[in-house]
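Got the viewer open? Let's take a walk through this one together, one selection at a time.

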2 protein chains.
Amino acid sequence: MAQILKGKEVVDSLVAGMKKDVETLKAKGIVPALGIIRVGERADDISYEKGVTKRCDTAGVVVKQYVLPVDAPQRQLLDVINTVNIDKNVHGVLLFRPLPKHIDSNAIRAALLPAKDVDGITDGSLAGVFANTGLGFPPCTAEACMTVLAHYGIDITGRRVTVVGRSLVIGRPVAMMLMHKNATITICHTRTKDLPSVVREGEIVIAAAGQSEFLTGDFFREGQIVIDVGIHVKSDGSLCGDVKFAEAEPIVKAITPVPGGVGGVTTCVTIKHVIEAAKKAAV
Amino acid sequence: MAQILKGKEVVDSLVAGMKKDVETLKAKGIVPALGIIRVGERADDISYEKGVTKRCDTAGVVVKQYVLPVDAPQRQLLDVINTVNIDKNVHGVLLFRPLPKHIDSNAIRAALLPAKDVDGITDGSLAGVFANTGLGFPPCTAEACMTVLAHYGIDITGRRVTVVGRSLVIGRPVAMMLMHKNATITICHTRTKDLPSVVREGEIVIAAAGQSEFLTGDFFREGQIVIDVGIHVKSDGSLCGDVKFAEAEPIVKAITPVPGGVGGVTTCVTIKHVIEAAKKAAV
C-alpha cells in the first residue's frame, strides 16, 4: 500500500500562507491582482478561469478579466499586453494558450514583462528556470511538483529522478528545478528506448507524458515515489492521470492521485506567484 | 583501440564552409565582423583572443577590439555594449568573463542583443537553447560537441547520453541540444551518487566535469563514445582533459583527444556564429 500524496493538504498549507501574505500586503495598501487574458470562448479556458477566480477569491487576490473575440487582430492583443504591463495594479498575468492561428504566439510572449509572467511563458522566465537566476516565474505545474515533494518532506539531493515528458510547460522545467536541488535527472520522451526500464531506474518519477494511463505497472518497482502530472477525462467521464494508478499503487512507496493530486496545487501556485509579484513590486 | 575523434578534421571541414560563406557575403558587400570586449589584461583572455583572431583571419572575418582598463566603471562597459549593439558593422560579440567584481555581470548580459550574442551568454540565447526556438546562439562549446558528433556520423536519436557537469556554458546547454536531437539524457554533477555507474549507463558520454583527469577507467565500458570537453594544464606543462585518456581509450569505442579534440572546434563555432549573424542581418 503506497502512501497517497494528496494535493489537498498541500493546497491547505499554501492557502494559509497566501492569506497571511495578502493581509500583510493589504495593510500596506496593496491588493494583489491577477490579469486573465482570454481570446475566444473555449470551454476549457472558461472552466479553468472559473477555478482560478474562485481560488483567487479565497486567497484575497483580485481578478481582472480581459476577453477578446476569437478573431481579434494581433495588434489588439498586443495593446492588452501593453496595458497590463504598465498597469501597476495588475501584478501577474495569465494568458490562455494556444492562441488563435492568426496570432504569432512568440510575438505575444515577447511582449509580456517577465516580472508579471506568473505562468512562466516568456523567454525571461524560461531563461530563469534554466539558469536558476530567479528571473520571471517557473511554469506553475513544474513548481507544483516541487511543492508537493517539499510538503511531504521528500529529499531530492543525490536522488535519481526520471522525468517522462520534455514539454516546456512541465517536463523540461521540472527537470531543471530538480537538478537545481541536486537531483540526478534523466529526461525521457517518445524516442526513448525501453522506456519502462528507464522509468524503473528513478527513485522519484515525474509522469508528464501527456497520455492517459500511459505508465502501466511494468514501469514501476518497489520504493519509488511517483508524481503524476496528467489529467485526462476517461470515456465514462471520470478523471485519470498519466499513470495507471491501480497498477502502480500496489508497487510503489508513494504516489499522487488523479484527481486530488498535483492539479489543485498548480492553480494555487499561479496565485502564489501573483502574490510574490505584488511583493516584489512593493519593494 | 578506440577510434580517435580528432578535432582537426572537423575544423578543416568547418573552415572550408566558412570561407565559402564569407565569399558569398563579401560579394554582397558584407564583411562579417566579431567585436571582442575585454576588461583588463588577464593572460588567459589575451591568449584566447590571439587564437580567435588568428582563426578569424583564416576565415576572412574581421576582428574589432574593445579593451577597457580593469577598473573601468560599469557605465563605461555598458556604453561599449550599446556601441556594438547599434553598430551594423559588428555582427557578433565575444565578451570575456568573469568580469571584475565591481561590475554586475547580469546587467551586462542583459544589455547585449541576443542577435549578436555569438557566445550564448544572454538570457535570450539561454531561453533559445532551452526552448529550441533558435533565439540567439547556443554556447560554443556545447555546439562544438554536437558538431563533432555530427561530423563523425554518430547517431543520437534514442541513445542514452550521460552528461557529466551542469554548468551553463556546457553541461546544461549540451544536454538540451542532445535532447532536442532525441537523445535520452542524464545530467550528473558533484552531488550524483555512484557517478562511475551512471556514466557507464551512457552510450555517449559528455565529460564536462571541469576537473583534470576526473573520469578514470572505472567510469567506462565497451562500446561507449566519449566527448571530452576539459582542457587542463598538468604540472609538467602538458595538456589533459576531464578524462584519464590512457585508461579510457583501451576500453571505449571512440574518444576525443585532449589536446586536438573539442577545443579547436569551439573557437571555430564562435566564428561560424559571427558569419551566421552576418547572414541573418543581411536578410
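## Stop 1: a sheet in chain A

Start with chain A and pick out strands S2, S3 and S4: they make an open sheet of three strands in the order S3-S2-S4, and the pairing is parallel. Keep in mind as you click around that this is a predicted model.

Now color the two edges, strand S3 (62-68) and strand S4 (92-95) of chain A, each of which pairs on one side only. Tilt the view a bit and look for the twist: on average, neighbouring strands of this sheet are turned by 20° against each other, direction ignored.

Next, select residues 33-39 of chain A, which are strand S2, together with S3(A). How many bridges join S2 of chain A to S3(A)? Seven, and the two strands run parallel. For one pair to zoom in on, try A:Gly35, whose bridge partner in S3(A) is A:Lys64.

## Stop 2: helices over the sheet

Keep that sheet on screen and add residues 74-86 of chain A. That's helix H3, lying across S2, S3 and S4 of chain A and running at about 165° to S3(A).

Then add residues 262-282 of chain A, which are helix H10. Which strands does H10 of chain A lie across? It lies across S2 and S4 of chain A, at about 145° to S4(A).

## Stop 3: two helices that cross

Hide the sheet and show helix H1 (residues 7-27) and helix H6 (residues 140-151) of chain A. These two pack at an angle of about 95°, and their axes are 10 Å apart. H1(A) and H6(A) are therefore roughly perpendicular to each other.

To see who does the touching, show side chains for A:Glu9, A:Val10 and A:Ser13 on H1(A), and for A:Thr147, A:Val148 and A:His151 on H6(A). The residues of this contact between H1(A) and H6(A) are a mix: two nonpolar, three polar and one charged.

## Stop 4: zoom out to the domains

Color residues 29-115 of chain A one way and 140-263 another: these are domain 1 and domain 2 of chain A. How far apart do the C-alpha centres of domain 1 and domain 2 of chain A lie? The distance is 29 Å.

## Stop 5: hop over to chain B

Chain B has its own open sheet of three strands, in the order S3-S2-S4 with parallel pairing. Select residues 33-39 of chain B, strand S2, along with S4(B): four bridges join them, and they run parallel. One spot to find here is B:Ile36, with B:Leu94 as its bridge partner in S4(B). Helix H2 (residues 43-59) of chain B lies across S2, S3 and S4 of chain B, running at about 170° to S2(B).

## Stop 6: where the chains meet

Show both chains. In this contact, 23 residues of chain B meet 23 residues of chain A. On the chain B side, H5(B) gives the largest share, six residues. That side divides into 11 nonpolar, seven polar and five charged residues.

Now select residues 184-188 of chain A, strand S6, and S6(B): three bridges join these strands, which run antiparallel. Look for A:Ile187, standing opposite B:Ile185 in S6(B).

Last trick: superpose the copies. A turn of 180° and a shift of 0.0 Å along the axis lay chain B on chain A with an RMSD of 0.0 Å. That is the relation of a two-fold axis. Both copies use the same surface, with 100% of the contact residues of chain B recurring in chain A.

Terms used:
Residues numbered from 1 in each chain as written. Chains lettered and ligands numbered in written order. Predicted model: local features only at pLDDT ≥ 70, side-chain atom pairs only at ≥ 80, totals over all residues. Contact = placed C-beta atoms within 7 Å. Nonpolar A, V, L, I, M, F, W, Y, C, P; charged D, E, K, R; others polar. Pairing = 2+ DSSP bridges. Least-squares fit on C-alpha atoms with pLDDT ≥ 70 in both. Axes fitted to C-alpha atoms, helices over the stretch in contact; angles between N-to-C directions. Parallel < 35°, antiparallel > 145°, perpendicular 65-115°, else oblique. Domains from an automatic or database assignment.
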